[in-house]
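Let's take a walk through this structure together, with the model open beside the text. We will begin with a pair of rings and work outward from there.

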Amino acid sequence: MNEAMRRGTLIILSTLLVVGVFLFFHRDPWLPVHIISPGQGPAFSDDGDLLSLRTAVEKQLHWLESKPKDTTMQLGDEEVPITLLHSSLAHLSIFLRSRPTSGQLAAFLRDNYDVFQAGGRKGKRGRELLVTAYYEPVFKGDLQKTDTAIWPIYQLPEKMPPGMKSHGLSRRDIELFGHLKGQELAWLNDPFDAYLLHVQGSGKICRPDGSLFTVRYAGNNGLEYMSLGKLFVDEKILPLEKVNIPAIRKWLAEHPEEQQRMFFHNPRYIFFKKGNPGNPEGSNGVELTPGRSIAIDPAILPTGSLGFIRTRMPKVENDRLNGWYETSRLVFPQDVGAAIKGAGRVDLFLGSGDVAEKTAQVMKEPGRLYFLFWRDKGKLKER
């Protein structure tokens, strides 16, 4: 093949590639949610246990029943009546009383529900989104400042210094200048633990005598959340695929002189209150169910709904990561997160304990998220 023919062939192939990409995205333009044609949805296999499913359904129903009947939830550009959400869960609740097999559950969902898919991240094929996980951490500390417990967390301030407001003080303001001195709720042994408690929003503090003190989210300073992981990528400290909690902890331990600067990158600050034992509550006040509750962006996706997720999760055995496995299950949007924005992000709650912690710390996987609505209770407008 001479040079002219070779160049001509390359031009043709390049043109076909560009046209193919254009046609693909023109055929399937990005939307925050997409309706799925009957028979084209996922296989609704659920690898979670039936008890946790029934528990999550009943909690979700109880919350829906507490809302006014004219309430609506957002589904992309459309508003979904809360009565449809309630009906979707009520029918599932009745069906679950028969203790169905996994196959029977999948058939019930396929035959009776309309399915919508979250749009995922723009530019990702298959409407793929990013799935992360969160957990309720247990950190060492105490209720008083000691030789080891020196990093405070604060309760929501009732009064601020003259001329200052509780909303607007940055993390740097609070931690450097002692504006909230005297309003400490507890103290932690490690500065990164204290930072992570702000990210998780709730947790337990293990005191020297082994007793646990539960702290829950009480409010924030109103400033924007800035990701510490993104800072590590932007400063080329770690590549994106290697950014996780253990890697960040290791780097900070090796560079203690950089800790304060890195933490202050995130001006958002969380205030805490004493909480009751048990799982934490989501943003809607519902107690979260490990492996079933998720955090989404309620400005686009419907909180209070019935969801279904497919993704890959790390397998933690004997305190070590031992491969990955595919998972799919029904889930329930009951929480929000400062970093969970748009139709391309979802955060799965895993509970507490070592396995939940180690799983959540490395969970950063592609996945797909669907929403199910009872078919006989009105059709949503096709798009």
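Phe-192 and Phe-263 are both buried in this predicted model. Together the rings of Phe-192 and Phe-263 make a stacked aromatic pair, with 6.2 Å from centre to centre and 5° between the planes. Because Phe-192 sits in helix α6 and Phe-263 in helix α9 (residues 259–264), the pair ties together parts that lie 71 residues apart in sequence.

Helix α6 is a good place to turn to the sheet. Which strands does this helix touch? Helix α6 (residues 191–200) packs on the sheet and touches β6 (138–142), β7, β8 (184–188), β9, β10 and β11. The direction of helix α6 makes about 20° with that of β7.

Now follow the sheet itself. It is an open sheet of six strands, running in the order β7-β8-β6-β9-β10-β11, with mixed pairing. At the edges you will find β7 (151–154) and β11 (270–274), each of which pairs on one side only. On average, neighbouring strands of this sheet are turned by 45° against each other, direction ignored. As a reminder, strands of a sheet pair through backbone hydrogen bonds, in either a parallel or an antiparallel way. Strands β9 (residues 203–206) and β10 (residues 212–220) are an antiparallel case, joined over four bridges. To place yourself in that pairing, look for Gly-203, whose bridge partner in β10 is Val-215.

Back to the aromatic rings: a search of the whole structure finds 14 aromatic pairs. One of them is formed by Phe-116 and Phe-373, which meet edge-to-face at 5.7 Å centre to centre, with 85° between the planes. Why does this pair tie together parts that are 257 residues apart in sequence? Phe-116 belongs to strand β4 (residues 113–118) while Phe-373 belongs to strand β16 (residues 364–374), so the contact of the two rings links those parts. Phe-116 has a relative accessible area of 1%, under the 20% cut-off, and therefore counts as buried. Phe-373 is buried as well, at 2% relative accessibility.

Aromatic rings also gather in a group here: Phe-95, Phe-108, Tyr-113 and Trp-374 form one aromatic cluster.

Finally, look at two places where a charged side chain meets a ring. Lys-122 lies over the face of Trp-30, at 4.7 Å from the ring centre. Arg-312 lies over the face of Trp-324, and here the distance from the ring centre is 4.3 Å.

Note on methods:
Residues are numbered from 1 along each chain as its sequence is written. This is a predicted model: local features need pLDDT of at least 70, side-chain atom pairs count only at pLDDT 80 or more; totals for chains, interfaces and linings use all residues. Side-chain values use heavy atoms; hydrogens and water are left out. Two strands pair if DSSP finds at least two bridges between them. Helices (H or I, at least four residues) and strands (E, at least two) are DSSP runs, numbered from the N terminus. Axes are lines fitted to C-alpha atoms, for helices over the stretch in contact, and angles run from 0 to 180 degrees between N-to-C directions. Contact means heavy atoms within 4.5 Å. Rings of Phe, Tyr and Trp (its six-membered ring) pair if their centres lie within 6.5 Å; planes under 30 degrees apart count as stacked, over 60 as edge-to-face and the rest as tilted. Buried means under 20% relative accessible area, exposed over 50%, partly exposed in between (1.4 Å probe, protein chains only). A charge sits over a ring if NZ of Lys or CZ of Arg is within 6 Å of the ring centre and within 35 degrees of the ring normal.
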